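Q: Please take a close look at one part of this protein, the surroundings of a single side chain. Set that part in the context of the whole chain as you go.

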Amino acid sequence: MSSSRIEELKKRRREYKKKKNQVIYGLLCILIALIILIFFIYNNSLYSSFWIIGLLIGFVLQRSRFCFTASFRDPILVGSTSILKAVIVAFIISTIGFGFVQYKYLTCENINIADIPGQLSPVGIHTAIGAVLFGIGMVVSGGCASGTLMRIGEGFQLQLVVLIGFIVGTILGARDFNFWDKVVISKTSIIYFPEIIGLPMAMIIQITVLIALYILADWYEKHNNLMSM
């Protein structure tokens, strides 16, 4: 390769790096975040706490590439289960955390099962149908709710279309919720496993299943790596 060609490539690389320099945009975002934080501090201290927690969660999501869509998509498409295993670990931690919270409620007298936090109730055929539809939508759009917001922050313009779809779907869902609640949701019985087998046993079974899934996911990834060698 001639020296002139090398110099031309170096010049293009410098120009590319200059165009990709986003320090100014980063500083501008930090300034806007601080202005919003100060506004919340003077108007509503609770919102300021939510704002800080939201920023921290967003930072962790972006750096860890944590995404529910990728956790179920990557094992099939690329054979990687690293994000899936992270989701399973998060489920284990949340199981333990919600277990302590629910234990506090269960020790109260005259407690209504529907008032116990940490439940998805009532669970029925509508939950399964909604999960399948939402799962298909996540894979087609390339991200779940958190992944979509994260990628918009990274500059992926296509995810703006997905965000609009989220907003439209949420509005339509809120408008028609009373209809679906009357037709399906309110007629579904609530099944609360701790009420049947006890909270400790329910936690043990769920954590055991999650650990088994983690081991299976780890084996699946190692098996795929061996097959690709």
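A: Along the sequence, the pattern reads α-α-α-α-α-α-α-α-α-α. That is 10 helices and 0 strands. The model is a predicted one. The protein has 229 residues, and 21% of them count as buried. Among contacts with a separation of 6 or more, 56% join residues 24 or more positions apart.

Now the close look, at threonine 95. This residue sits in helix H5, which spans residues 82–106. Is threonine 95 buried or exposed? Its relative accessibility is 9%, and buried means under 20%. Threonine 95 is therefore counted as buried.

Its side chain has two polar partners to describe. One is within the helix sequence: a polar side-chain atom of threonine 95 lies 2.6 Å from the backbone oxygen of phenylalanine 91. The other is glutamine 206, whose side chain makes a polar contact of 2.8 Å with the side chain of threonine 95.

Which residues does threonine 95 touch beyond its neighbours within four places in sequence? They are Met203, Gln206, Ile207 and Leu210.

Two of these names return in the nonpolar core. Ile207 and Leu210 belong to the largest such core, together with Leu84, Ile88, Ile92 and Ala217. The core has 6 residues. Both H5 and helix H10 (199–228) supply at least two residues each. Leucine 84 is one of the core members. Setting aside residues up to four places away in sequence, leucine 84 touches Ser71, Phe72, Pro75 and Ala217. A second core is separate and has 5 residues, including Cys67, Ala70, Met138 and Cys144.

Elsewhere in the chain, another helix pair deserves a look. Helix H2 covers residues 23–43 and helix H3 covers residues 45–64. Their axes come within 6 Å and cross at roughly 150°. Angles over 145 degrees count as roughly antiparallel, so H2 and H3 are roughly antiparallel to each other. On the H2 side, the contact is made by Ala33, Ile36, Leu37, Phe40, Ile41 and Asn43. On the H3 side, Ser45, Tyr47, Ser48, Trp51, Ile52 and Leu55 take part. By type, the residues of this contact divide into 9 nonpolar and 3 polar, with no charged ones.

Back to threonine 95, then. Threonine 95 is a buried residue of H5, with a polar contact to glutamine 206 and contacts to Ile207 and Leu210.

Key:
Residues are numbered from 1 along each chain as its sequence is written. This is a predicted model: local features need pLDDT of at least 70, side-chain atom pairs count only at pLDDT 80 or more; totals for chains, interfaces and linings use all residues. Side-chain values use heavy atoms; hydrogens and water are left out. Axes are lines fitted to C-alpha atoms, for helices over the stretch in contact, and angles run from 0 to 180 degrees between N-to-C directions. Helices (H or I, at least four residues) and strands (E, at least two) are DSSP runs, numbered from the N terminus. Angles under 35 degrees count as roughly parallel, over 145 as roughly antiparallel, 65 to 115 as roughly perpendicular and the rest as oblique. Contact means heavy atoms within 4.5 Å. Ala, Val, Leu, Ile, Met, Phe, Trp, Tyr, Cys and Pro count as nonpolar, Asp, Glu, Lys and Arg as charged, and the others, Gly among them, as polar. Buried means under 20% relative accessible area, exposed over 50%, partly exposed in between (1.4 Å probe, protein chains only). A polar contact is a pair of N or O atoms within 3.5 Å; within protein, one must be able to donate a hydrogen and the other to accept it, and residues adjacent in sequence count only if both atoms are side-chain atoms. A nonpolar core is a set of buried Ala, Val, Leu, Ile, Met, Phe, Trp, Tyr and Cys residues joined through side-chain atoms within 4.5 Å.
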